[in-house]
Every structure is written in structure tokens, then in C-alpha cells.
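Student: Hi! I'm new to this one, could you walk me through a few parts of it?

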Amino acid sequence: MGAAVAVVSLEWWSLRLTDLGLPPGAVARVSDPDGRVIALFPPDAQELGAPFADGEFRALLLQTPKGLRQRSQADGTRELVVFEPLIEAGGRPVATMSLSVPLEDLYAEANRRLWSEMGFFLAGILLSLFLAQQGVRRGVVHPLRRLLQATDELAQGRYVSAEPARGPLELTELGRRFDQMARTRQAAEAQLRHSEENLSITLHSIGDGVMATDAQGCVTRMNAVAERMTGWHLHQARGRPLAEVFRIVNASTREPMVDPVQMVMAKGRVVGLSNHTTLLARDGAEYQIADSAARIRNPQGQIMGVVLVFSDVTEAYRVRKQLEFNEARFRTLTALSSDWYWEQDAQFRLAHIEGRDGDRLVEEMALHKGMPRWELPAPDVSEARWDSHRAQLQSHQEFRDFEFQRVDRAGRPYWISISGTPVFDEQGVFCGYRGVGKDITARKLDEEELRIAAIAFESQEGMMVTDQNTVILRTNRAFTRITGYSAEEARGHRASLLASGHHDKAFFDAMWHSLNTTGEWKGEIWNRCHNAEVSLHFVVITAVTSALGTRTHYVATLSDITQRAQAAREIEHLAFYDPLTHLPNRRLMMDRLQQAVATSARTGRQGALLCLDLDHFKTLNDTLGHDMGDLLLQQVAQRLAARLREGDTVARLGGDEFLVLLEDLDVLATDAAEQAQDVGEAILAALNQPYQLASHHVHSTTSVGAVLFRGQSEKVEDLVKHADLAMYAAKTAGRNSIRFFDPMMQAAVTMRAALENDLRTAVAERQFLLHYQLQIGASGDGAPGLRIVGAEALIRWQHPARGLVSPFEFIPLAEETGLIEPMGLWVLQTACAQLRRWQDDSATAHLHLAVNVSARQFRERDFVNHVRQVLRESGARPSQLKLELTESLALDNVDDTIAKMQALRTLGLRFSMDDFGTGQSALAYLTQLPLDQLKIDQSFVRNIGIQKTDALIVQTIIGMAQSLGLDVLAEGVETEAQRAFLEHHGCTLWQGYLFGRPAPIEALELVLRQGWVATARAVVA
């Protein structure tokens, strides 16, 4: 339906265009609300139903639904566009009709018609004017002149109402109304003048500046305050833009502020300026202002201008800025200070606290809000002190530096100090307290340290404080006690007051060098005390420096070490010297030997080490006593020290052993050996002289071992070992001689060490076995023949690698190392076990078994108990067991020997003295020993028939034994002649190769099973 209406309208519109004679090129269109063409005249099929091809025309259509516009086309021609909406019954536009007419064609046609019609119109006018001139002259001109005169008077304010003008009726009415208007205007002007006077009085009476502008922002009015503050007079400012007269900037940034007129016009409401607005006066003055601006409307609501009201807040701004500055300063102080601000209410409860962010104690104190401080634990405040503090608060007194201790949530103690002043309101009513608090934990700890330091300063060590020039400033009581100088006597003097003169310039130069480089020196100084005595002091000096690194003071501590130094020297003497002879001991000798070896390596010269051991010193000790032995050692030390060259060293290693160190010998080893030989012989000669030991006149000899050294090819410990080996070689050679170390000695020692290790393994693994050698006796009762009376048990070592090891090789080593004790016990156990087996056979029950007992084994404290236990455990008859003791063992400690022999004899055991005649026999002791048998040593038996003296000795031993009622057994019998000689002289018990070599138990028992054939030669060797 809309399309149909549009088409009809176009047809109608086309007729109208034709009737009006519009120029060619005019186009009529009907478009929908979306801008699509739904009707067109003249018709164009391409444009119908499509949006306007002319985008500018379409935009113009959508923006202007009704009216007319002019526009220029792309080719520069101008056209007139008319828009008219089409309205349906509902009142909603559904289409718009537009007409485009080219202006040039339209103007041309209009001009033509205008001139044609204007010609006729002007002719009519001229005729009318001529006709009316006469009538107007008579009825209109004169009344109008009166009205003009009245108008001038009204304009000048001198209008007085007159009679109405006479003339035509219209002019008469015009005069009456004019008169009425004039009187109304005069009344309004009077009222306006009254209002103006009141407004002026008001504007000039108020203290704020007031300015008004018109709608364009130009100044129209301003009061005196505004004139003063802006520096402009009204007549100067009127008509000027407000921004020129009212210059405002931001007080902080000095950037221009937005024109208030623009702000009001833009926002349409009252606006206020920023608090930081500065007004720049024309004369250069500046004012801080606060203002507001509002629009001025006429009765019809139109905006006529803007009114601006502003006040001088310079002083208020200054005060506010000062307050802000003070607050910022307060917050800065709070942030940088360890103090905090607090407030209490009238009941003394903590109400507010403010301090540095993150302050641990401020956070702790904040936990106590709402509580009086005395309700919280304070370990160091007594109840009486709290009472005094409460009374002070209740009397509203100011207090300062009230200190107390708290414990934080982590259990750490801290101290605080608070000061407060009472607060009252305007009526004088007490409101509470305000004040500050601070953390004094560090101060309290420093005070504690100072107390400790003060106590420490008065310690047992002397202390002295000087300035940078070593002038004494302070001393403690210990300083007085040590040096004798009181504090008053020492103060003001230089530290050189104590100088003793014992130290040279180099000593003090080194001291000051240490102080200047490290800030500390410590050492021993000889100081002269007040009583002129010189004492040794241990001094520690510490330099004190300022924050800039300059020296300000020196602190010295000193302690008297005179007695301690003496004690140290005595301790050193005890540590490095032998207390008996006062010679260097082993430790000091090893140190000097190490130095001598190093010196020898540097100079290339030979050195020598002599090891001395007194011969038979143990015998002298045992016979004359240890006091005489000590006296002998002292005299030997004196003789050694007297015979040595300057630079040589003599030391006592212990017991009767000495070391002599000879340095700076010849470069050649042969010459150096001769020099060492000469010194050694001189020492032997000196030590061979008789000694007077109290009332005893004693002669003693010495064995000397020597070893040469040059450089560091050997360790000092090895040198001592080599000298010791050479000394034992001298003893072996017959004592009282000197021997040089031979490398073969070291080989023997190495072999001996290996043998010792193997021997220990043998004891642990029971690598031993017993060989038995028959003991033969005459048949007795005059009957011819021989009989087996027993055997001697002899230990053998079955080495896993070497086979059987000779007893002569390992028995002495076992004696020396103490391994003989477990070995002897094993022999005793094995022999008793064999005796027990023999007891069960009637053919062997009568046999006895001899066992050798070493001196070390016999001297065991529990030896008797051991024998008793072995007999009990084995079940052997004690009467069949014979213990063989050496002559030296028996006589070593006669009383102990006799006691043990008697104890064992009560058990039934028998004793034989082995190797009789080889020792230093003492017949008096021999008669006291409970012996059963003497055993003639084989060294005498071997020479029977060869040396008469040995045969005579044998006869003597036999005769002595018979006299004492003892049996005699000769060992080492190898020939029948020897056996016959012995038997002829009364010895009827024999042992030796003539009857058989020592053999294992299996061989011995084989002989026993076969029976005795009448001669020992039947025994298998």
C-alpha cells in the first residue's frame, strides 16, 4: 500500500512540476526509512528498489527527514533538495519524498518572472504614493512628530505625560498606548535602578570576589574584591575574555587551569575549582582561591552568561599546607625513628598506637590495646613501682622515661621506655594521656655489656688504656697490683713509664709494625715495676679506631708471667731433660739429631751417633741398690759431658743407655770414622776409671756402638736403631769396646723381626711339638746293664714354611719378647698329659719327665697356681714331674725361688739344676735350695779325656752332689768312654746322643714297646 501511495504521489508531483514550469533536470523520489528508492519521476528502472547511488544524498536524506538543503554535486553544480515525509494513519513515517532541482535553472526562471512582476508592482506603488502623500501630510505627519518628540524625551528620562495626540483614530490610539508604555517603562527603570543599587551594595559588601560574564565568556561585571584580587578595574576588564582577566594555574604544577566558563557551559551545573588553584593577579600577586561558577539564565531559561564567586584562601591554604607538611614530617620522623606515638583513655587503657610500618614492637604493643600497662607482665617492675606509676597518672602528672621489660610472643625479652603528658578537653575534663615510646633493648643490652666490661676491666689481668700518643688515661686495680703504680701515679704518663731497657729498638719496631698493620700485638715484655724490680709480663695491645679509621686509643692487658715463665722453663726442662742426670732426654736428642742431619746435608760433612750402654749395670743395681745405681749414672753423665767437644750433644735415653751426637766431622767417611773412633775410645777410657759411690769403690765398663751419617738418606729413628745394633755387637764381642754399624746387622734385625712375627703366629696356632730325649741310668744292685728312667721334654717349632726351627734360634727370642710364658705353659700341659698316659701302662708308669722352666716363666706371680692347675686338669702324678731350673734363675732372687720351690715340692714335684757349673755358683745358696738333682753341663762332659781340668770339674761336681745328697745327671754323653768315666766316679744317670737324639713321642714309645736291649745304642736316633 505504501508503494501505491508513493506512485500516486509521484504522478501528482509530476503534474505539479509540469504546471509550475520547473526547469528540466528536476527529479522527484520516494524512499523508505532505510534509504531505498520505491518511486521515481521521471521513471528509471535501474534506480527503483535500490539504495541511493549518491551516498552523500542518502546521508543527507537520513539526517534531514523534513525541510530543504542546498548541496554541490560532484561536477560543481549546485541544487536545491526538498524533503517531505509521508505519514500513515498510525503517525509513523513510512516514506520520504524528495525533490532535487538544479539552482541555476531555477534562478534563471525566477529572475525572469520577478522582473516582469516587479515592473507592474512598482508602477502601482508609485501611483499609491502620490495619492497618499497628500492625506498623510494632513493626518499623519503632525501627530507622528509629537510621538517622535515624546520618544526622545522618554529616551532621555524626561518624559511627562501629555494630552493624547489628535488625528486619525489609529494615531490617537497609538499616542495613548505610547503614553501608557512610557509610564510603565519609567516605573520599571526606577525599580531596576533600585535593584541595581542593592546588587551593587551587596557585591561590594561581601568578602568574596564576584565576576559575571556573558554567554561568550566575556567579563560584564566584577566587584571590588574581584578588582583587587585580579588587578583589573571593571572598566578595563569589561568585554575581555574571562581567561585574560581571571588567570588561574595549578598551585603545584603551575599548569594553567580550565576556564570556569567552559566548565559550566560544558557540564551545565555549578562547578567548583580544585583546592590547589592559584590566581595570578595582573600586578604579579598570587592568591590561593576557592571558587564556584554557575550559569545565568533569563526568565525564558536561556543562558545569558556565567557568574563566578571566589574567595581568598591563601592563609587557609598556607595553614593547610603547613599542616600537611607537619603531618608529612611527623610521618617521616615516625618512619625513620624507632619511637612510636601512643594514646590512653581516661581509664589509662591503651587506645591508639602509631609507629613505623613493620616495627615488631609496635605490632606487639598493638596487641595490648584496651589494657592498662600494669596488667601485663613486666619482670623487672615491682608492685611498689607500679603503684607509684599509677598514682602519678591518677594525679594527672607528666612523666618521662618510665622503663619496663616485656616478653614478646616468641618468648624474647625486650625493654621499652615511655613518656607521656595528660590530655584535657576544652572544658578542662581529663581525657587521658598521649606520649611517645621507644625500644631501649639495644641500650639495655649495651648497659649489660658495659657492666660486664666494667667487671672484666677489674679482672685479674692488668689493664691500661692510652690515647693515640700512648699517654695513659686509665688503669685498673690489677694493673696497680702487678706494676705497683696506682691509677693516679700512672695517669698522664707515657706507657714508656714501664720500660725496663731489656728490649732493643728492633723489638719495638716489630711491635709497632704489627699494631699498624693488624691493629694488635701480643708477646712477652720485661717491664720495670714501681719497686724497680723487672718482671716478665705477657702483654696484649689492641688498637682502637674511629669510624673514619683513625687511631684513637690503645688498650693493653698485662699479666705477670714471671713465675709462670719459670715454671714453663722447669716444665720444658722436665720435658726435654733427664731429671736424674740433667742431660737432654730422648725427645731433645731426636730434635737435635734431626737438625744435625739437615746441617750435614747442607755442609756435606759427616756426623756420627754413638750409643753407650753400661755393662752389668743391672747387677750393680741389684747388689748395691738403686740409689747407688743412680749415683753411678750421674757420675757417668758428668764424665761424658766433660769429654765431649764443643757443639756435641750427650743425652740419656733411659736406664743405663746414653747417646752421643758428634757433628762437623770430616767429609770423607774413613776420616770421619777415625774421628768418631778417637772420641769413642776417649769416652771408654774416661768411663773405665773407678767410681766412688758413697762408701763403695766400683769399677764399670761400657759398650759403645757407632754409626756415621751424612745428609738425609736415613731417618733419625733408623740412625738410633743402627747405633743400638752396633752397641749390642760390642756387647757380643766381649763388652768394653766400640763397634761401628754393619749393614749385616740390619739384615739380622730384619730377620729377627720376621721371626718374631712368625713366632707370635706359632703361639696362636699351636705350631709347636715336643721331642723327648731319654735319660738312662745304671740298672742298680750291682746288676749289669742300663735302664730307662725317664726323658726330657724339649720343645720344637714346626714352621709351616721352614720346617723344624732350631730351639737355639727361637728360644732366646721368646725369652726376650715374653712369648716364652705361653710357650712354657703349653710345654707343661703337654708333658703332664703324656705323663698321665704313661701312668696307665705298667711298663711306663715308673718313668719321670723333665721339663725346662724359663726364668721369666718361673718369676710369674701365679706360676705355682698354674702348675697346680695343670696337674689337677691332667691328672698326672706330681712325683713323676721334674722341673729343671738354670743356675742363674735359681740365684736371681733366692728367697722368691726357695718359696716357690717349697710350695711345689709340697705337691710332690722334683727339681733339677740345669747346666750346673756354667754360672756363678754360690754354694751357700745352693744348700738352701730344695733340689733333687744336679745336671752337669755338656760343655764339661764333652771334654772328658781331652782336658783334665774339665774332668776334674766333673769329679768335683759329682763329689759335691754326693755330699749334699743329690742325684747327678750328666748331659751331652756321646761316647761309651765318657759314660764309663762318669759311672766310675759315681754318676749313674746319663743323657746324650750315646743313647739317642731327641725324637717325637711315637719313636720314643716304639723303643719303650720293644724293651731295653741293654745298651742305649739300641735307641733309634
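Tutor: Happy to; we'll go through some spaces, strands, a helix and a couple of single residues. Keep in mind that this is a predicted model.

Student: Okay, let's start with empty space inside. How many cavities of 30 Å³ or more are there?

Tutor: The count comes to two cavities of that size. The largest cavity has a volume of about 120 Å³.

Student: Which residues lie nearest the centre of the largest cavity?

Tutor: Those are Gln344, Leu350, Met365, Met371 and Arg373, out of 13 residues in the lining.

Student: And which strands supply at least two residues of that lining?

Tutor: Strand S13, residues 340-344, and strand S15, residues 399-407, each do so. S13 gives the largest share, with three residues.

Student: What kinds of residues make up the lining of the largest cavity?

Tutor: Nine are nonpolar, two are polar and two are charged.

Student: Nice. What about pockets, say the second largest one: how much space lies in it?

Tutor: About 1,100 Å³ lies in the second largest pocket. It is lined by 35 residues, and the closest to its centre are Glu792, Leu794, Pro807, Phe808 and Asn852.

Student: Which elements give two or more residues to the lining of that pocket?

Tutor: There are strands and helices in the list. The strands are S31 (786-799), S34 (881-886) and S35 (910-916). The helices are H24 (807-817), H25 (820-839) and H26 (855-858).

Student: How does the lining of the second largest pocket split by class?

Tutor: It has 16 nonpolar, 11 polar and eight charged residues.

Student: Switching topic: which way do strands S21 and S22 run, parallel or antiparallel?

Tutor: S21 (residues 534-545) and S22 run antiparallel, joined by nine bridges. For a pair to look for, Val544 stands opposite His553 in S22.

Student: How many residues are between S21 and S22?

Tutor: Five residues lie between them, and the two strands form a hairpin. In the turn, Gly549 has a positive phi of about 90 degrees.

Student: What joins S22 to strand S18?

Tutor: Six bridges join S22, residues 551-560, to S18, residues 462-467, and this pair also runs antiparallel. There, Val465 stands opposite Val555 in S22.

Student: Now helix H20. How far apart are its end C-alpha atoms?

Tutor: They are 26 Å apart. H20 covers residues 626-643, and at 1.5 Å a residue its 18 residues should span 26 Å, so the two values agree.

Student: Which residues in H20 are buried?

Tutor: Met628, Gly629, Leu632, Leu633, Gln635, Val636, Ala637, Arg639 and Leu640 are. As background, an α-helix has 3.6 residues a turn, so residues three or four places apart point the same way.

Student: Let's try a single residue. Is Thr483 buried or exposed?

Tutor: Thr483 is buried, because its relative accessible area is 2%, under the 20% cut-off. You'll find Thr483 in helix H14, residues 477-483.

Student: What does the side chain of Thr483 reach?

Tutor: One partner is the backbone oxygen of Phe479, at 2.7 Å. Another is the backbone nitrogen of Tyr485, at 3.2 Å.

Student: Last one: where does Leu964 lie?

Tutor: Leu964 lies in helix H32, residues 948-964. Its relative accessibility is 36%, so Leu964 counts as partly exposed.

Student: And how far is the C-alpha atom of Leu964 from that of Leu931?

Tutor: Those C-alpha atoms are separated by 9.6 Å, with the two residues 33 apart along the chain.

Notes: Residues numbered from 1 in each chain as written. Predicted model: local features only at pLDDT ≥ 70, side-chain atom pairs only at ≥ 80, totals over all residues. Heavy atoms only, no water. 1 Å grid on protein atoms, 1.4 Å probe; cavity = no way out; pocket = protein on both sides within 12 Å on 5 of 7 lines; lining within 4 Å. Points joined across faces, edges and corners; volume = space filled by probe spheres on them. Helix = DSSP H or I, 4+ residues; strand = E, 2+ residues; numbered from the N terminus. Nonpolar A, V, L, I, M, F, W, Y, C, P; charged D, E, K, R; others polar. Pairing = 2+ DSSP bridges. Expected span 1.5 Å × (residues − 1). Buried < 20%, exposed > 50% of the residue type's maximum accessible area, 1.4 Å probe, protein only. Polar contact = N/O pair within 3.5 Å; in protein donor to acceptor, adjacent residues only side chain to side chain.
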